[in-house]
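Dear colleague,

I am handing over the structure below, and my notes on its strands and its core follow it. Please read them alongside the coordinates.

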Amino acid sequence: MTEHDGKTLAIARAYVEAIANKDVDTIISISTDDVVCNSPRGRLTGTQAFRGFHEGFARMIKKVVVLAAFGDDEHAVVVYHAETHPVPNSTVAELLKIKNGKIASTEVIYDATPFAAYAATVAPQ
């Protein structure tokens, strides 16, 4: 096994803590200017798009509980339970790539079906 300095995992933990606290400014401060986010909603590039993604999520969050966090020198995985206004029980996994001490990309994995079903009930007809 290789020893790791723990910096990547610390960044990942700070990221998920900021999600739980709805602290979008911290999320952006620990992300690169050209951060890439892939999720069931599509691909976003840059801090402006990433900010919008997290501002939307922050408005929905009731509670976030970290289930697991692992990392090496370049990648981290965080798994958390998200209780949101539209969907009370969602498990999310994110694979974060860290470059020069900041989040360069994230692959967000969750079941988008219940969120889409909720959106269909509130969308203008």
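In the hairpin of S5 and S6, where two residues lie between the strands, Asn100 adopts a positive phi near 50 degrees; strands here (E, at least two residues) and helices (H or I, at least four) are DSSP runs numbered from the N terminus. This is a predicted model, in which local features need pLDDT of at least 70 and side-chain atom pairs count only at pLDDT 80 or more, while totals for chains, interfaces and linings use all residues. Residues are numbered from 1 along each chain as its sequence is written, and side-chain values use heavy atoms, with hydrogens and water left out.

S5 and S6 run antiparallel and are joined by seven bridges, with Ile98 standing opposite Ile103 in S6; two strands pair if DSSP finds at least two bridges between them. S4 and S5 also pair in the antiparallel sense, over eight bridges, and form a hairpin with five residues between them, in which His75 has Lys97 of S5 as its bridge partner.

Along S5 the side chains alternate, since Ser90, Val92, Glu94, Leu96 and Ile98 point to one face and are buried (under 20% relative accessible area, 1.4 Å probe, protein chains only; exposed is over 50%, partly exposed in between), whereas Thr91, Ala93, Leu95, Lys97 and Lys99 point to the other face and are not buried.

The largest nonpolar core (buried Ala, Val, Leu, Ile, Met, Phe, Trp, Tyr and Cys residues joined through side-chain atoms within 4.5 Å) has 31 residues, and H1 gives the most to this core, with six residues.

Best regards
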